[in-house]
Amino acid sequence: MPEHRVRRALLDLLAEVGTVTATEAAERLGYSSGLCSFHLRQLARYGHIEEVPRAGGRARPWRLRQEAAPADPSPVAGFGQLARGLEDESYQRWLARRDLAPPAWRRDEAFSAVAYLTPEEMGAVADAVRRTLAPYQDREQRPAARPAGAEPVALIARLFPLLPDPATEDG
């Protein structure tokens, strides 16, 4: 699954400059300050960043968390966990509130499949999904590119090999 580019950019920026406000991040990354503010709060909510203590004023500077290093020091692994948590939370919110959505949106197009693939074929499937979604990717940053009636829709694909369950393996 590809990472969320705004959050990845914010984490990279914080690693580079130390502290940043939503407005500063927006100026440096080319996103709106509202979008940066939202994603900074989400990163804080899941423990990846924290607000910098300040004496006052409206500016809210953020930094990477200063606490003990995670068990897996890989920023990619930590970001993957954050993304999965946000996906799961969004899906649970959808399930709880689906009946409140307009009738045309009350579908859940989730599906899953098991296919026997080589590592190369698994990569080809992932590339095909990315190519299918590519025409829609710029709409997040370019509202004018959105057709009338377009709403944000979560598109989640996870491709991974099914490993044997250790409890059922012969010893």
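Here are some questions and answers about how the helices of this predicted model are described.

Q: What makes up the chain, and in what pattern do its helices and strands follow one another?
A: The chain holds five helices and three strands. Going along the sequence, they come in the pattern α-β-α-α-β-β-α-α. Of its 171 residues, 20% count as buried.

Q: Why is Ala101 called buried?
A: Buried means under 20% relative accessible area. Ala101 has 12% relative accessibility, so Ala101 counts as buried. You will find Ala101 in the loop between α4 (75–97) and α5 (119–133). Leaving aside residues up to four places away in sequence, Ala101 touches Trp94 and Arg106.

Q: How do you know that the span of α3 is close to the expected one?
A: Helix α3 covers residues 33–45, which is 13 residues. The expected span is 1.5 Å times one less than the number of residues. For α3 that expectation is 18 Å, and the helix reaches 18 Å from its first C-alpha to its last. Just after α3 comes Gly47, with a positive phi of about 80 degrees.

Q: Which residues of α3 are buried, and what puts them on the same side of the helix?
A: The buried ones are Leu35, Cys36, His39, Leu40, Gln42 and Leu43. Around the axis they cover an arc of only 160 degrees, and therefore they sit on the same side of α3.

Q: What makes us say that the buried residues of α2 line one face?
A: In α2, the buried residues are Ala22, Ala25 and Ala26. Looking down the axis of α2, they fall within an arc of 100 degrees, so they line one face of the helix. Their packing partners are α1 (5–17), β1 (19–20) and α3. On the face turned away from that buried side, α2 carries Glu27 and Arg28, which are exposed. After α2 comes Gly30, with a positive phi near 85 degrees.

Q: Why is α2 called oblique to α3?
A: Two packed helices are described by the angle between their axes and the distance between the axes. Here α2 (residues 22–29) and α3 pack at about 120 degrees, with axes 8 Å apart. Angles of 65 to 115 degrees count as roughly perpendicular and those over 145 as roughly antiparallel. The angle of α2 and α3 fits neither range, so α2 is oblique to α3. The crossing of α2 past α3 is right-handed. Ala22, Thr23, Ala25 and Ala26 of α2 meet Ser33, Cys36, Ser37 and Leu40 of α3.

Q: How do you know that α1 and α2 are roughly perpendicular?
A: Their axes cross at roughly 105 degrees and come within 11 Å. That angle falls in the range of 65 to 115 degrees, so α1 and α2 count as roughly perpendicular to each other. The contact is made by Ala9, Leu10, Leu13, Glu16 and Val17 of α1 and by Ala25, Arg28 and Leu29 of α2.

Q: Why is α1 also described as roughly perpendicular to α3?
A: Helices α1 and α3 pack at an angle of about 75 degrees, their axes being 10 Å apart. An angle from 65 to 115 degrees counts as roughly perpendicular, and therefore α1 is roughly perpendicular to α3. In this contact, Val6, Arg7, Leu10, Leu11 and Leu14 of α1 meet residues of α3 including Leu35, Cys36, Phe38 and His39.

Technical notes:
Residues numbered from 1 in each chain as written. Predicted model: local features only at pLDDT ≥ 70, side-chain atom pairs only at ≥ 80, totals over all residues. Heavy atoms only, no water. Helix = DSSP H or I, 4+ residues; strand = E, 2+ residues; numbered from the N terminus. Buried < 20%, exposed > 50% of the residue type's maximum accessible area, 1.4 Å probe, protein only. Arc of directions from axis to C-beta. Axes fitted to C-alpha atoms, helices over the stretch in contact; angles between N-to-C directions. Parallel < 35°, antiparallel > 145°, perpendicular 65-115°, else oblique. Left-handed = near helix turned anticlockwise from the far one by under 90°. Contact = heavy atoms within 4.5 Å.
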